[in-house]
Amino acid sequence: GHSFNDYNHVDLTTMIDKNSDNLNDGEVKQIAVGNFLGEGIRIASIPELGPGGSWSTCAIGCNVEPPRDVAHVQFRSRIAFKLVWVPNEKFDMFVLVDDDGKELARGKPKGRLPADRERVMNYRIAQGSKYAHVVDEIAAESQTKDL
């Protein structure tokens with residue numbers, strides 16, 4: 001699937017049941033009006049873990065404060081984490097950040113990565129936001145080491 005493999009579907013969003021059927025009424029820009037996800041969320045959720053669920057949602061709109069992305073606007077939720085690619089020379093490292101932009105984990109995957117364009121665009125949609133601070137610091141540190 002496209003979750004965490006393209007530039008945009010990089011937010012793990014938790015939500016309460018009553019918000020699963022929320023629609024995008026046009027408030028989230030560059031996302032389909034409607035964007036009905038409720039049934040898919042219920043099918044993919046594990047009821048034994050309690051009410052609610054989680055979904056990989058679109059990060060477009062995360063670069064403003066407060067964020068205007070699907071998690072925050074359509075589902076009235078915070079993100080559990082967001083994947084942001086580090087803008088180093090190869091965009092070959094990522095960081096998972098929480099809703100406040102704090103680092104949770106980082107990785108440098110082996111094997112096949114998402115396309116270069118997807119990784120660059122992922123950084124660009126977060127650039128300048130609280131979600132990009134950590135990756136900007138990592139990129140700056142790597143440039144200093146390379147000198």
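This report walks through the sheet, a helix packed on it, and some side-chain pairings in a predicted model.

## The sheet

Let's start with the strands. Five of them make an open sheet, ordered β2-β1-β3-β4-β5, and the pairing is antiparallel. At the edges sit β2 (53-58) and β5 (103-107), each of which pairs on one side only. Going from one strand to the next, the twist averages 20°. As general background, strands of a sheet pair through backbone hydrogen bonds, either parallel or antiparallel.

Take the β2 edge. Strand β1, residues 9-15, pairs with β2 in the antiparallel sense, and six bridges hold that pairing on record in the model. If you want a register to click on, D11 has T57 in β2 as its bridge partner.

Now the other edge. Strand β4 (residues 94-97) and β5 are antiparallel too, pairing over four bridges. Here the register can be read from V95, whose bridge partner in β5 is R106. The hairpin of β4 and β5 has five residues between the strands, and within the hairpin G101 takes a positive phi near 90°.

Helix α3 (residues 116-126) lies across β1 and β3 (79-85). Relative to β3, helix α3 runs at about 125°.

## W55 on the edge strand

Which residues does W55 touch, once its neighbours within four places in sequence are left aside? The contacts are D11, L12, T13, M15, L37, G40, I41 and A44. W55 itself is in strand β2. The C-alpha atoms of W55 and D11 are separated by 8.0 Å, although the two residues are 44 apart along the chain. Is W55 buried, exposed or partly exposed? Its relative accessible area is 24%, so W55 counts as partly exposed, given that buried means under 20% and exposed over 50%.

## Salt bridges

On to the charges. Side chains of opposite charge can pair when their charged atoms come close. Searching the whole structure turns up eight salt bridges. The table has three of them, including the N to O distances.

| Salt bridge | N to O distance |
|---|---|
| R78 and D100 | 3.7 Å |
| E103 and R106 | 2.8 Å |
| D116 and R119 | 2.9 Å |

The side chains of R78 and D100 meet at 3.7 Å. R78 is in the loop between α2 (70-74) and β3, while D100 is in the loop between β4 and β5, so their salt bridge ties together parts that are 22 residues apart in sequence. Both ends are partly exposed: R78 has 47% relative accessibility, and D100 has 42%.

E103 and R106 are joined by a salt bridge at 2.8 Å. E103 is partly exposed at 33% relative accessible area, and R106 is partly exposed at 44%. R106 is also the residue that bridges to V95 in the β4 and β5 pairing.

D116 and R119 are a pair within one helix: both lie in α3, three residues apart, which is about one turn of the helix. What is the burial state of D116? At 53% relative accessibility, D116 counts as exposed. R119, by contrast, counts as buried, at 5%. Elsewhere, salt bridges with shared partners link R78, D99 and D100 into one network.

## Rings and the charges over them

The whole structure also holds three aromatic pairs. One of them is W85 with F94: the ring centres are 5.6 Å apart and the planes meet at 75°, so this pair is edge-to-face. Why does it count that way? Planes over 60 degrees apart are classed as edge-to-face, and these are at 75°. Both rings belong to buried residues, with W85 at 4% relative accessibility and F94 at 19%.

W85 has a charged neighbour as well. R119 lies over the face of W85, at 5.6 Å from the ring centre. That puts R119 in two of the pairings described here, since its side chain also meets D116 in a salt bridge. A second charge sits over a ring elsewhere: K82 lies over the face of Y131, at 4.5 Å from the ring centre.

Definitions and conventions: Residues are numbered from 1 along each chain as its sequence is written. This is a predicted model: local features need pLDDT of at least 70, side-chain atom pairs count only at pLDDT 80 or more; totals for chains, interfaces and linings use all residues. Side-chain values use heavy atoms; hydrogens and water are left out. Two strands pair if DSSP finds at least two bridges between them. Helices (H or I, at least four residues) and strands (E, at least two) are DSSP runs, numbered from the N terminus. Axes are lines fitted to C-alpha atoms, for helices over the stretch in contact, and angles run from 0 to 180 degrees between N-to-C directions. Contact means heavy atoms within 4.5 Å. Buried means under 20% relative accessible area, exposed over 50%, partly exposed in between (1.4 Å probe, protein chains only). A salt bridge is a side-chain nitrogen of Lys or Arg within 4 Å of a carboxyl oxygen of Asp or Glu. Rings of Phe, Tyr and Trp (its six-membered ring) pair if their centres lie within 6.5 Å; planes under 30 degrees apart count as stacked, over 60 as edge-to-face and the rest as tilted. A charge sits over a ring if NZ of Lys or CZ of Arg is within 6 Å of the ring centre and within 35 degrees of the ring normal.
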